[in-house]
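Reader: I am new to this structure and would like a close look at a single part, the sheet, together with what lies around it. Could you take me through it slowly?

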Amino acid sequence: MGIDLTGRTAFVSGSTQGIGLAIARRLAEAGARVAVNGRTAERVEEALTSLVAAGIAPELLLAAPGDVTTDEGLQTALDASGEVEILVNNLGIFGAAQALEVTDAEWQRYWDVNVMSAVRLIRATLPQMKEAGWGRVLNIASDSAIVTPAEMIHYGVSKTALLAVSRGFAKDAAGTGVTVNSVIAGPTYTEGVQDFVYQLVDPQLPWAEAEAEFMRLYRPQSLVQRLIRPEEIANMVVYLSSPLASATTGGALRVDGGYTDAILP
Ligand SMILES: NC(=O)c1ccc[n+]([C@@H]2O[C@H](COP(=O)([O-])OP(=O)(O)OC[C@H]3O[C@@H](n4cnc5c(N)ncnc54)[C@H](OP(=O)(O)O)[C@@H]3O)[C@@H](O)[C@H]2O)c1
């Protein structure tokens with residue numbers, strides 16, 4: 001079962017590092033043309049350079065800088081991408097905070113970045129996918145969407161909402177050849193998560209020990225007992241982006257290392 005996305009154009013929000021960058025790379029390795037997004041042209045150029053150094057053909061890469069939490073930034077990014085057939089809403093912010101100390105403004109920021117950036121990108125690209133009779137929307141959610149960690153309730157709630165966003169827009173796209181799904185990523189080794197881990201464990205610990213301590217104290221239910229690698233999330237995204245996944249829509253698929261102690265989703 002080969003996956004060939006040649007001729008397809010993908011947009012990956014927040015793809016200058018971490019899971020987004022791995023998704024961009026894997027999609028391009030499968031032949032898709034990929035628009036790489038981050039807030040600044042400099043960071044996007046750095047990401048493109050790293051992808052070319054990793055063997056990706058430059059003609060498969062599009063620079064699509066822009067802050068997708070603003071109307072102007074979102075439009076600039078999409079204008080640079082051309083017609084998007086595979087939308088990956090990867091952008092998401094996270095951080096630990098005492099539940100009772102999270103302000104209204106912070107709740108609102110998580111909602112705007114983690115939920116509304118996805119909704120607005122879907123609104124901007126889904127009509128043309130439906131018109132064309134083919135498309136893929138993938139929303140990168142989190143185990144926190146279904147376990148609501150005490151140290152990041154505001155984040156968990158935003159990711160729970162994203163599951164509903166996926167289910168709802170899948171219904172909107174019913175019968176059109178467009179699928180909409182969530183990917184539930186578990187604790188994954190990225191630059192962003194490294195900062196997060198050091199908020200919770202002794203910042204003097206070398207990284208390998210900090211990772212082990214974090215998993216032992218905060219994610220003991222993980223069945224793989226390690227942080228997931230970004231490529232492991234990206235592999236699921238590439239499969240769901242492919243024609244092979246044409247009967248999978250409106251769902252949430254887990255790449256969480258078995259962390260969520262549940263049979264479903
Ligand atoms: N890492 C984990 O353990 C984990 C677990 C479950 C789910 N997730 C989810 O997976 C996704 C990616 O996580 P990650 O750890 O890879 O994130 P990360 O390392 O923090 O990277 C975030 C990316 O988003 C970009 N970005 C931030 N604000 C932006 C904006 N307003 N407009 C456009 N781009 C923006 C950043 O690029 P610039 O700085 O260049 O703008 C960067 O490329 C998130 O949705 C996260 O919630 C992560």
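Author: In strand 6, S142 has A185 as its bridge partner, and this is a good place to start. Residues are numbered from 1 along each chain as its sequence is written, and side-chain values use heavy atoms, with hydrogens and water left out. The model is a predicted one, in which local features need pLDDT of at least 70 and side-chain atom pairs count only at pLDDT 80 or more, while totals for chains, interfaces and linings use all residues.

Strand 5 (residues 135-142) and strand 6 (residues 178-185) run parallel and are joined by 8 bridges; strands here are DSSP runs of E with at least two residues, helices are runs of H or I with at least four, and both are numbered from the N terminus. Two strands pair if DSSP finds at least two bridges between them. The open sheet holds 7 strands in the order 3-2-1-4-5-6-7, with parallel pairing. Because strand 3 (61-63) and strand 7 (252-255) stand at the edges with a single partner strand each, one side of each is left without a neighbour in the sheet. On average, neighbouring strands of this sheet are turned by 20° against each other, direction ignored.

Helix 6 (residues 153-172) lies across strand 5, strand 6 and strand 7, and runs at about 160° to strand 5; contact means heavy atoms within 4.5 Å, and axes are lines fitted to C-alpha atoms, for helices over the stretch in contact, with angles from 0 to 180 degrees between N-to-C directions.

Turning to the ligand, 30 residues are around it, of which T16, Q17, N90, Y155 and T190 come nearest, where near means that a heavy atom of the residue lies within 4 Å.
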